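Student: Can you walk me through this model?
Tutor: Yes, here it is.

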Amino acid sequence: MPDLVNVTYNQTGKSKKTNALGMREMQQKAYEGRTAQYLLLKAPPASGKSRALMFIALDKLKNQGIKKVIVAVPEKSIGKSFEKTELKKYGFFEDWIPNPKYNLCTPGGNKSKVSAFLEFIDDKDEQILICTHATLRFAFEGLDEKKFDNTLIAIDEFHHVSADEDNRLGEVLKAIMTKSNAHIVAMTGSYFRGDAVPVLLPEDEAKFTKITYNYYQQLNGYEHLKSLGIGYHFYTGRYYKKQPDKEMSALAEVLDETKKTIIHIPNVNSAESSKDKYEEVNHIIDVLGDLEYQDEDTGVMFIKSKKSGKLLKVADLVNDDPKARDKITSYLSKEVNSVDDIDIIIALGMAKEGFDWPYCEHALTIGYRSSLTEIIQIIGRATRDSENKEHAQFTNLIIQPDAEDDDVKVSVNNMLKAITASLLMEQVLAPNFKFKPKGLDTDDNEDDNDTTIKIRGFKLPTSQRAKDIIESDLNDLKAKILQDEQMLKAMPGNLEPETINKVLIPKIIREVYPDLNSEDIEAIRQHVVVDSVIKNGTIEEQGDKKFIRMAGSFVNIDDIHIDLIDQVNPFQKAFEILSKSVTAKVLKLIDEHIQATKIEMTEEEAILLWPKIKEWVKKTGEEPSLQSFDQKERRMAEALIFLREQKRKKMQNG
């Protein structure tokens, strides 16, 4: 199956250059917001968030009256990102030197960690503590919130927080914000939660100053990485066994041993899992070749390749034995200093967020992942800039629906959700554009450049809240739209694009932002649709004119009108690729599933379809048929029945 997403970058080197203080582009941007009491930093993996925090924290300690800094990370292994770091020799005024005694991301039980945390709070001479989210939660139980006065709390991987009342870290954060003068720096490489629960309530989120550094800025500014591909591979049976009518397994088809690869085996609860993770590791080794030996000191397995005869160095992070796990994780963190030190890593829950292997070229994930956060974190493992690669690849092996399978509904849903994840990643990874109304006095604004597109009939937001949403939260909003159950059924094209764009999308926006007025909802809706369509399109130059390919036809950019864009389904391209890549039988299963869970008709949609129904009757001389093979004709027929029923009810009621 071809890549659903393929983005090319310009290798400008901009995101890696440092200023006079030793700060990279993102870190400099974050440092500009250092005086904010509450700072939310959204930046991709490998952009340098941990060092950005060091710069901000050291300034707060020296210049802003902050006495202590607490850094909380989701798991112990990520704590190493905040260990002693030299900054002065690159131009900054202070080095980051935490006392090892108060680095609580070390082996040991929670009880001793909490005791050390409480000791740190009362120690007037100590300034920096590093701990896990869990230690912060447990320690909070025995503390008055006022103890956090004049303290900076930095929460790494902030998407682990949630506004859900059962999310303890969210409750801790809210209590500290309400009952102390603590400063907070929240950092995340992904602001999407797989469970669709908001990270913060709108009124709490509004208190944060947001610094956003997007994925395109990061990847476009690399020196070596030139392109990124995202693809899916669907299979039947077991991924490590020979496929029907093929000589090899699905895994062997997509696993290129010449590429530095992280293989994430299926979650044990997924359809793709055999429920025996150790056997799956053995099968992967069998696909690669024969185990020659395992190094006793490092835990590295040396496997002789079936294809090339080369000895492959393989790390097993699935093994739960503490001694074996400690050996191999120690090797990966301390001894992998060149491209030849490891070839393949096999993992289950590890090697995701905070895991650093710059040489990784291919993130191969087996099994559907429901969390957009997890997908973005996994992709981030392959998008470090390194001289050994020009291309990074994410491949997801997913079991395809089978009519004989009792879980066909689950399989179809998983397939559709996987495709929508790639659609979101395409939106996140593509270059950003600015949109303006065409024909206003601002046409010649000095801010205009190659990334500014002017659109006739385009609405601008009226409130600062709506402007902030468009500026900082557009991708987060798209994530919510793409995860919506109704939208999922509509995206393959069984609804008119105008219904998707004018009915479903504003409905979701209203649910997410109930405080906005109708004008701002319409402005945000237009930004979502326009941004999605333009990023999903292809812009080409012919002479002195620019054209964009939308819905199969080229349109002069100077002639774009919002009404024209509203006629395009911004999410259909991926499903067109899918339809060419799976069998007719699988495509029929997908269609049947969508039809079986059809969206109910609303008056708004029926009214929107009425002009098309009249046009259909005029053109064909007949009313649209419920028995048609054309989904759109059937939908018009349903709308006609709905409108007649509405009319009948009104007449009955007088």
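Tutor: We can take the sheet, then charges.

Student: What should I know about the model beforehand?
Tutor: This is a predicted model: local features need pLDDT of at least 70, side-chain atom pairs count only at pLDDT 80 or more, and totals for chains, interfaces and linings use all residues. Residues are numbered from 1 along each chain as its sequence is written, and side-chain values use heavy atoms, with hydrogens and water left out.

Student: What order do the strands have in the open sheet?
Tutor: The nine strands run S1-S8-S15-S14-S9-S13-S12-S11-S10, with mixed pairing. Strands are DSSP runs (E, at least two residues) and helices are too (H or I, at least four), numbered from the N terminus; two strands pair if DSSP finds at least two bridges between them.

Student: Which are the edge strands?
Tutor: Strand S1 (5-8) and S10, each pairing on one side only.

Student: And how many bridges join S11 to S12?
Tutor: Four, between residues 301-305 and residues 311-316, and the two strands run antiparallel. Lys304 stands opposite Leu311 in S12.

Student: Switching to charges: how many salt bridges?
Tutor: The count is 28, taking a side-chain nitrogen of Lys or Arg within 4 Å of a carboxyl oxygen of Asp or Glu. One of them pairs Asp473 with Lys42, with the closest N and O atoms 3.1 Å apart.

Student: Where do those two sit?
Tutor: Asp473 is in the loop between helix H13 (464-472) and helix H14 (474-483), and Lys42 is in strand S2 (residues 38-42), 431 residues apart.
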